[in-house]
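User: Could you take a close look at one part for me, the second largest pocket? Which residues line the second largest pocket, and which elements give two or more residues to its lining?

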Amino acid sequence: VAMSDHGFKSYRRQLNLNTWLYENGFLALKSPERRDGIGNYANVDWKRTRAYAVGFSGIYLNLVGREVPGLLHPGEEAEEVRAEIIRLLSAETDPKTGVRPALRVYRREDVYHGAEVEDAPDLIVGFNLHYGCSDDSATGRVARELYKDTDDAWGGSHLMDPSVVPGILLVNRPITASDPDLKDLPVSILGDFGITPEGMRGRRVWKRED
């Protein structure tokens, strides 16, 4: 078996997710005039912020009981904000290219399963081909530029929607599924040893050769 969990594509345009949240009214700043100079979320006004981005694809809601200080109450109020972010970010278009940078915006429960789901971001952005989240956003900076070109040496990325950076699976026997998934691999490999795992998600995607 030879496999990879993702592919790789060129990385040409960056979207600052925290700037997008600010411009769309989900994130508030203490000093809007100092947008470019302050990182590490130091300029965020948490008492008026409903959502913020962390890392390269995660968006968190500012929840009562989880963030300090929280603003949104879990349940209907939080779900309304989450649905609004999905609607608006999914429709966002890069004015330079006419392309939607967010190919899909996932709720965490649509992506993750198991006991640690509550620790995942509330939303996960599946970036379109050649797009990704800016370094400024990942470090908590709400830059003035919403978009910018990627013109440095880091010209490739896999931090895009899985549909545009699929992994590979090579097996020296016929694959029986047209859409094999990463979670199918351990189940299939254990199956070669005659082991039927209990509680594991996934299925056999190739035939065992006795």
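Analyst: Happily! A pocket here is an open set of points on a 1 Å grid over the protein atoms alone where a 1.4 Å probe fits, with protein on both sides within 12 Å along at least five of seven lines; lining residues have an atom within 4 Å of a point. The model is predicted, so local features need pLDDT of at least 70 and side-chain atom pairs pLDDT 80 or more, while totals for chains, interfaces and linings use all residues. Residues count from 1 along each chain as written, and side-chain values rest on heavy atoms, without hydrogens or water.

The second largest pocket holds about 150 Å³ (the space filled by probe spheres set on the points). Its lining includes the aromatic-named Phe8, Tyr11, Phe56, Phe127 and Trp154, together with Gly132, Cys133, Asp135, Gly156, Ser157, His158 and Leu159. By class, 7 of these are nonpolar, 4 polar and 1 charged. Strands (DSSP E runs of at least two residues) S8 and S10 (156-157) each give two or more residues to this lining.

S8 also belongs to an open, mixed sheet of 3 strands, ordered S8-S3-S9. S8 (131-133) and S9 (147-149) are edge strands with a single partner each, so one side of each lacks a neighbour in the sheet. S3 (13-15) pairs with S8 (pairing takes at least two DSSP bridges) in the parallel sense over 3 bridges. Within that pairing, Leu15 has Cys133 as its bridge partner, and Cys133 is one of the residues lining the pocket.

Notes:
Helices (H or I, at least four residues) and strands (E, at least two) are DSSP runs, numbered from the N terminus. Ala, Val, Leu, Ile, Met, Phe, Trp, Tyr, Cys and Pro count as nonpolar, Asp, Glu, Lys and Arg as charged, and the others, Gly among them, as polar.
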